[in-house]
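Q: Please take a close look at one charged side chain in this model and its salt-bridge partners. After that, work outward to the other salt bridges, the enclosed spaces and the surface, so that I can place that part in the whole chain.

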Amino acid sequence: MNRQSRFLNLLFSKFALAATLLVVIILFALFVVLYKESSLSIHTFGVWHFITSKVWNPPMEKFGGAPAIFGTVVSTIISILIAVPVAIGIAIFLTEIAPHPLRTPVGVAIELLAAIPSIIYGMWGLFFFAPFMRDYLQPVIHATLGELPLIGQWFSGYTPGIGLLTASIVLSIMILPFTAAIARDSFNMVPDILKESAYALGATKWDVMKDVVIPYAKLGVVGGVILSLGRALGETMAVTFVMGNQPVIPHSLLEPATSITVTLANEFTEADTDLYLSSLFYLALILFVMSFLVISIGKFFFLKKVER
């Protein structure tokens, strides 16, 4: 290796190291800024009291993050439960079942859905899906799920269409293209010889997908799910339009609620006191920590499983 090659190799290594350190520095700087701005609220309310308190009353300067945290967690879980099975089904259809002339246009359409701004999903949810939910889906939910023991209370009550369940469904539609596109690309990376060998042994399409394709591509699929999870946790505009912005823990999934991002989007410009502003930064800090912990734990357990 000549001197120029050694210099370029050293330069490339230093550049890669600098890029990696830059990401770590930015992450740390975000945490420091959020903690500094929320320190007044942290010292006033503490950690446990703020997380568990259900009171959010700006005129009285009493702030609790439980309603926003509850809305964030529940809407994220529901959206993931809806989006992931549908996304994997779409990926399976495009890679193994759909005719070849249909695969490219449908795949491009899914990728275009991922490029639609979130505010468009929010407007669609407010002006089309919320009325549809109110007039058609809600009566069906009341008559079916609302009559079930134990879980029936989560599907009771009346809402004008906007609410926690509506926001969760809109959010699931928004994150669906990300998971579907990544799962499709992961399935396409499975070597054809593995699938052909399974077919030669008499396996069905279901057997091939279950025993060959999904185990081989599970790392990419889980990566897409984790990406969608992070997107769902931090999504703002798509849920601001349809969640209702009610700072309470709802008794039903059909009732209006709030989330951390909805609270920040609607109230940040209205924060007229230092404690009010600090409490909003406190919510942002909690969301930052939640996202980091959830994604880190998910990656840790998955990588441990892969190593085994």
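**A lysine and its surroundings**

A: Let's begin with K195, which counts as buried because its relative accessibility of 12% falls under the 20% limit. Please keep in mind throughout that this is a predicted model.

The side chain of K195 meets that of D192 in a salt bridge, with N and O 3.7 Å apart. Both residues belong to helix α7, which runs over residues 192-200. Their places in the sequence explain how they can pair: they are three residues apart in the helix, so about one helical turn separates them. The pair is also part of something wider, since E96 joins D192 and K195 in a network of salt bridges. Position 96 falls within α3, the helix of residues 66-97, so the network links α7 with α3. It is worth selecting E96, D192 and K195 together in your viewer.

How does this compare with other salt bridges? The chain has seven of them in total. One of them joins neighbours in sequence, D185 and R184, at 3.2 Å from N to O. Here the two partners differ in cover: R184 is buried at 13% relative accessible area, whereas D185 is partly exposed at 38%. Another sequence neighbour pair is D211 with K210, whose closest N and O atoms are 3.0 Å apart. In this case both sides are partly exposed, D211 with a relative accessible area of 48% and K210 with 38%. Positions 210 and 211 fall within α8, the helix of residues 205-234.

Helices α3 and α8 lead us to the next stop, the enclosed space. A search of the whole structure turns up two cavities of 30 Å³ or more. The largest has a volume of about 50 Å³. Three helices, α3, α8 and α9 (237-243), each supply at least two residues of its lining, and α3 gives the most, with three. Those from α3 are T72, S75 and T76, and the rest of the lining consists of L171, A232, L233, E235, V239, M243, S259 and T261. In character this wall is mixed: five of its residues are nonpolar, five are polar and one is charged. The charged one is E235. So the helix that carries E96 of the salt-bridge network is also the one that gives the most to this lining.

The second largest cavity holds about 40 Å³ of space. Its lining is made by W56, G64, P67, A68, P247, T258, T263 and L283. By class, that makes five nonpolar and three polar residues, with no charged ones. Two of these residues, P67 and A68, come from the stretch covered by α3 (66-97), and W56 falls in the strand β1 (56-57).

From β1, a short step along the chain brings us to P58, which sits in the loop between β1 and β2 (62-63). P58 counts as partly exposed, because its relative accessibility is 24%. What lies across from P58 in space but far along the sequence? L277 is 219 residues away in sequence, yet the two C-alpha atoms are 10.0 Å apart. L277 is placed within α11 (274-307), and L283 of the second cavity's lining falls in that helix too.

Helix α11 then takes us to the outside of the model. A nonpolar surface patch of about 800 Å² is formed by L27, F28, F31, V32, Y35, V289, F292, L293 and I297. Two elements give two or more residues to this patch, α1 (3-45) and α11 (274-307). Of these, α1 gives the most, with five residues. One of its members is L27, which lies in α1 and is partly exposed with a relative accessible area of 36%.

Finally, a look at the overall frame. The chain has eleven helices and two strands, and along the sequence they follow the pattern α-α-β-β-α-α-α-α-α-α-α-α-α. The C-alpha trace spans about 70 × 65 × 35 Å along its principal axes. Of the 308 residues, 39% count as buried, and K195, where we began, is one of the residues in that class.

How values were computed:
Residues numbered from 1 in each chain as written. Predicted model: local features only at pLDDT ≥ 70, side-chain atom pairs only at ≥ 80, totals over all residues. Heavy atoms only, no water. Patch = residues over 30% accessible without salt bridge, like charges linked within 9 Å, V, L, I, M, F, W, Y side chains within 5 Å. Areas by Shrake-Rupley, 256 points an atom, 1.4 Å probe, with all protein chains shown as cover. Salt bridge = Lys/Arg side-chain N within 4 Å of Asp/Glu carboxyl O. Helix = DSSP H or I, 4+ residues; strand = E, 2+ residues; numbered from the N terminus. Buried < 20%, exposed > 50% of the residue type's maximum accessible area, 1.4 Å probe, protein only. 1 Å grid on protein atoms, 1.4 Å probe; cavity = no way out; pocket = protein on both sides within 12 Å on 5 of 7 lines; lining within 4 Å. Points joined across faces, edges and corners; volume = space filled by probe spheres on them.
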